[in-house]
Amino acid sequence: MLIIDKEIFSLFEQTIKNLYGDKELKQIEITIATNEKFGDFQTNFAMMNSKLIGNNPRAIAQAIVNNFVENDVIEKLEIAGPGFINIFLKNDYLGNLLKKSRKEAYDYSFLNRKGDVIIDFSSPNIAKRMHIGHLRSTIIGDAIARVYRFLGYHVVADNHIGDWGTQFGKLIIGYRKWLDKEAYNENPIEELERVYVQFSKESEEHPELEEEARQELKKLQDGDAENFALWKEFIKVSMDEYAKLYGRLDVHFDTFYGESFYHNMMQSVVEELVEKNIAVEDDGAKVVFFPEEDNLFPCIVQKKDGAFLYSTSDIATVKFRKDNYDINKIIYLTDERQQDHFKQFFKITDMLGWNVPKYHIWFGIMRFEDGVFSTRKGNVIRLEQLLDEGKKRAYDIVNEKNPNLSEEEKQNISEVVGVGAIKYADLSQNRQSPIIFEWNKILSFEGNTAPYLQYSYARIQSILRKADEEGKVIDYSKELVIEDKLEKALANHIATFPMAVIKAADTFKPNIIADYLFELAKKFNSFYNNCPILNQDDETLVSRALLAKIAGDTIKDGLSLLGIETLDRM
Ligand code: ARG
């Protein structure tokens, strides 16, 4: 159901029921009209249900219009084209509708919000600093978490950190052979990264190192005390570093169950798979073969030497979650390269009969014009560098626009604007498109960008301050009268905010909110350029200022769903 308002929905529902009784029909959807000539909103209900009702769409639309129930919401209904119904709302009703578009006032109770929505995101592999390749999972996951929370779901944000993979054997060797103690004390994670890269280089010439690393890993997994202590240390060093970045990005987690947390559960998962004949012995390993129509490669769940794999840990993770939560759905965020992995283990958990709704939300990878980032190759931009650069560029602009601000304010504004720009540049794209990394694009402040939205918001706050200075207090109790067509265009758009949020949640696409907000800011700016707010008669001033306030509040709510802050002054 995508509908602006419960009241409008029930008017349609009653009318349809009067006409067609309890016949099974497709839900009515109401969308904003594409052109003001077509009213405020539109529905294609008649076309959608023409077959089910057994009549042509125009006749159905006509029947609805002729028999529409009494109300004081709708000014008029018109039929257009093949059977659209154009809806013109009463102006005072629209004014009130806007006040209802906010979270507190909109009725989201029809959503299936039972249970926990687990969002598995960010999940960096320990002992590497986060680079811009980690940005997408972190901020797309965070935006999805925010959207679900906003709609009233109970969200569990889980950072499934990679703390159990093959990198540990390599790190342990690197640490023992090549660590520069002084450098390590100075900047531990940088030094760990260096020995890791060195391992890769050395192992090209000395392939036997790979085998040594496997043995160290095995020792660790079997509980060797010395390796265990080192492993703990690597985790601590990494988590301290990540905490700084998460703080700067304003990203928060409820749990940090990494892969290692599931280690003890893996043996029994493999046993269950074997018992149920889902996994079979193949050359000493335990392997799941899939039916041909699934078109999936066989999946190893335990190696010949007894070691478990990434898929084993993910299967165990599903089991743990299903046993310990009341799952509404699990949402995983990774880049596109893991699609097969997710298809495989989703299929395996289905074969086990674990009925848990799961979604792999993948995104395109960020790359340079000439290739993929890789810590191993050393061609990365670290997340911290990226944020610093964003801040620096924002600072230059703030400094130029507003030289009189205090240094502290300049610093604060530039952090908010810089980080906001970076997040938005990513979140405003369709997540499945690859991103070619370009500094100028990611840090642009013009057009469809966070700074443009933040400036629009700050501009509104400055108008409200001026109204306040003139003794006009603007709040939601004031009357909103919508007259001008630009007021109306803005008002209609604001009224659809809840629909944009629901759609973003349904499709796991934060860019729907970004598109919505860009349109909102454009509509606000054309309203403001044509309908002056200050120096008007009292009633006009209050009404327009209230419309501006609601637009501003909606920008703020929308940006906060993307994890982006707003400022009252910039
Ligand atoms: N640590 C993994 C990586 O960096 C991502 C983990 C995603 N979550 C999961 N449950 N597999 O590639």
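Mentor: Start with helices: these are DSSP runs of H or I, at least four residues, while strands are E runs of at least two, numbered from the N terminus. This is a predicted model: local features need pLDDT of at least 70, side-chain atom pairs count only at pLDDT 80 or more, and totals for chains, interfaces and linings use all residues. Residues are numbered from 1 along each chain as its sequence is written.

Trainee: How much of residues 453-570 is helix, and how much strand?

Mentor: Helix takes 70% and strand 0%. The end C-alpha atoms of that stretch lie 12 Å apart. UniProt lists residues 453-570 as "domain: DALR anticodon binding", in an unreviewed entry. Such annotations may be inferred rather than shown by experiment.

Trainee: At what angle do helix 7 and helix 10 cross?

Mentor: Axes are lines fitted to C-alpha atoms, for helices over the stretch in contact, with angles from 0 to 180 degrees between N-to-C directions. Helix 7 (residues 167-178) and helix 10 (residues 208-221) cross at roughly 105°, their axes coming within 7 Å. Angles of 65 to 115 degrees count as roughly perpendicular. Helix 7 and helix 10 are therefore roughly perpendicular.

Trainee: Which residues meet there?

Mentor: Contact means C-beta atoms, placed from the backbone, within 7 Å. Helix 7 residues including Phe168, Ile172 and Ile173 meet helix 10 residues, among them Leu209, Leu217 and Leu220.

Trainee: What does Ala551 touch?

Mentor: Ile460, Leu490, Ile494, Leu520 and Phe524, not counting residues up to four places away in sequence.

Key. Two residues are in contact if their C-beta atoms, placed from the backbone, lie within 7 Å. Angles under 35 degrees count as roughly parallel, over 145 as roughly antiparallel, 65 to 115 as roughly perpendicular and the rest as oblique.
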